[in-house]
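Open the model in your viewer and keep the selection panel at hand. The tour goes from strand to strand, then to the ligand, then to the cysteines.

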Amino acid sequence: MKKDSLIERIAVKLKIIPDLSRREINLKNHGILRKYPSPENWHNHTELDAQAWPKRIEKKYSLIPTTCFNCESACGLMAYVDKETGKVSKFEGNPHHPGSRGRNCAKGPATINQINDTERILFPLRRKGDRGSGEWERISWEEALDDIASKIRSSLKTGAKDKVVYHVGRPGHEGYTNRVLKAWGVDGHNSHTNICSAGARTGYALWHKHDRPSPDHANAKVILLTSSHLETGHYFNPHAQRILEGMMDGAKLIVIDPRLSNTAAMADHWLPTWPGSEPALFLAWAKIILEKKLYDREFIENWVNWDEWMKAEHPKEKCEFDRFIELLLIEYEKYTPEYAASECRIPVEQVIEVGEVVASAGKRLCTHVWRAAAIGNLGGWQVSRTLHFLNVLTGSVGTEGGTAPNSWSKFKPELFDEPPDPDGWNELHFPPEYTLSHFEMSHILPHMIKEGRGKMDVYFTRVFNPVWTYPDGFTWIEMLQNKEALGCHIALTPTWNETAFFADYVLPMGHASERHDINSYATSAGKWVAFRQPVLREFSRREGKDVEFTHETNPGEVWEEDEFWIELSWKIDDGTMGIREHFMSPYRENEKITIDEYYK
Ligand code: SF4
């Protein structure tokens, strides 16, 4: 068996990946219990066929790593490709993935159900009747690309920078589509973020620009969750395993959740706060930290612009740190435990008892909020802002066992070509009256269209189903059926959904194991990068077969966005638009880039 490399040994020591060195346990007369196949055997893995039991029939597999696409955690998956049939038999976890470390939630291995879904869309479709009539015709990828490219070309040739739009529900890769849109010269990116994490992000961004937390649960003394992160929160599987590790090492778990969720049930302290009242609680705890002098003086003095606050708010006072603390206590004097208890509708004794636990955590206070209270309430951004205040006071920002800015844990790929930013502004995404919007105001898009504030020539939705998931789905239907305001709608989706039903083109895109993406997320206190790959394409490569496009190996003609954007961009440019220059191979002069070259 191959020995672990130095990097693997260090990663094991730091508990970034599990110790895989003891892959086999000899059970004396009962055979060998295998922990996990080692990478050098991944293309020649043998297992007994469970269906053939009690006969011992061997099956040969090629094991191909990829990543899950059923939430943003992008946990590692290992596809078991049956070498006889060339089909994926099952998915299991990949212990070499530093984020998930071999563990998945039920949705990861359930990818097998998605790829075998008998009702999935297998071929490109074009609408025949009216939008929403449910009449479709099958077309080729070539036809789809030609049609759509000519519409985009016409729009771009008018000089408009805001009429070609890509609206994404589930992002999956780092910077790919932004690069494409910039190559087209449009300000065309829209997201779902304003019904998701924008509230929490705003609160974090106001502290230090980085707009997400990266918690080090495993090394914390106190874990404070404003959410239900053991079972439903963002990044919950990678978080849950580290929260449990922290608890096994003695960390106290505090859960703020109006519901007795599974996470709340595991907590040492569960505070069922009245929704939206959480900032009152956090400021009461901030006051306890200040009063008990448990704040980290050195950290605050060096990393907080307290002196600017003094000059702005108390210009007549001496600009001294001790005076700053006194004035801060006056600033927050209203936030007594009694006030917090009454706002949050929890016992005052609990506010004090748990506040003392938080105050005692020092540099190992690990806090987290993602959506939860920070998006469901007016002023929700104050939830993350006041929560992070506790980290700032205790100096637990970027410490072992504390909470770090997310970008410390994020890998940013350097792209082979970076087109310039568009020379234009999309007011349907960032309307001028919402000067503080932290992400696109996507939730009011159909309302602005209804008011006649803009039009879209070409509108892509990608894994995005506002008709179903937004509270005002019928207004989205109105927009999608309005041919005056919406020239052409293309749904890029692996499955049918209510929004795709109103599209002009429905283009089948791959599930987790049928596409390329780069993933890197703040799932723990560490930077990792994972590669999502179409496993049957990789299987073909291992078997020595050439593949030009991923749809040749996927079910039906299911494609992937990455190659689709390259081909579409190439077709849009009639040779005069300067788009093709951003899709040239860095390895072959004047040739179109291939997806293998993109990720080389
Ligand atoms: S937690 Fe991991 S396995 Fe579960 S859906 Fe998310 S990425 Fe997939």
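**Stop 1: a pair of leucines**

Select Leu492 and Leu507. Leu507, in β19, is the bridge partner of Leu492. Keep in mind that this is a predicted model.

Now widen the selection to both strands. β19 covers residues 505–508, and β18 pairs with β19 in the parallel sense. Four bridges join β18 and β19.

**Stop 2: along β18**

Select residues 486–493, which make up strand β18. Is this strand mostly covered or mostly open? It is mostly covered: seven of the eight residues of β18 are buried.

Next, add residues 456–462, strand β17. β17 and β18 run parallel and share six bridges. For one of the contacts, pick Val458: its bridge partner in β18 is Cys488.

**Stop 3: the whole sheet**

Zoom out. Which strands make up the sheet, and in what order? Trace β8-β7-β19-β18-β17-β9-β10. This is an open sheet of seven strands with mixed pairing. Then go to the edges, β8 (136–138) and β10 (189–190). Each has a single partner strand, so one side of each lacks a neighbour in the sheet.

Stay at the β8 edge. Select β7, residues 125–127. β7 and β8 run antiparallel, joined by three bridges. Pick Arg126 to see its bridge partner in β8, Glu137.

**Stop 4: the ligand**

Select the ligand and show its surroundings. Where does the ligand sit? The space it takes is the largest cavity.

Which residues are around the ligand? Select these:

- Cys68, Asn70, Cys71, Ser73, Ala74 and Cys75, which are among them
- Asn104, Cys105, Lys107 and Gly108, also among them
- Phe236 and Asn237, which are included as well

Colour this shell by class. Six of its residues are nonpolar, five are polar and one is charged.

**Stop 5: the cysteines**

Select the cysteines and look for disulfides. How many are there? The count is zero. A disulfide is a covalent bond between the sulfur atoms of two cysteines.

Why does Cys366 have no bond? Select Cys366 and Cys75. Cys75 holds the closest cysteine sulfur to that of Cys366, yet the two sulfurs are 18 Å apart, too far for a bond. The cut-off used for a disulfide is 2.5 Å.

Is Cys366 buried or exposed? Cys366 is buried, at 0% relative accessibility. End at Cys344, which is buried too, with a relative accessible area of 0%.

Note on methods. Residues numbered from 1 in each chain as written. Predicted model: local features only at pLDDT ≥ 70, side-chain atom pairs only at ≥ 80, totals over all residues. Heavy atoms only, no water. Buried < 20%, exposed > 50% of the residue type's maximum accessible area, 1.4 Å probe, protein only. Near = heavy atom within 4 Å. 1 Å grid on protein atoms, 1.4 Å probe; cavity = no way out; pocket = protein on both sides within 12 Å on 5 of 7 lines; lining within 4 Å. Sits in = over half its atoms within 2 Å of the grid points. Nonpolar A, V, L, I, M, F, W, Y, C, P; charged D, E, K, R; others polar. Pairing = 2+ DSSP bridges. Helix = DSSP H or I, 4+ residues; strand = E, 2+ residues; numbered from the N terminus.
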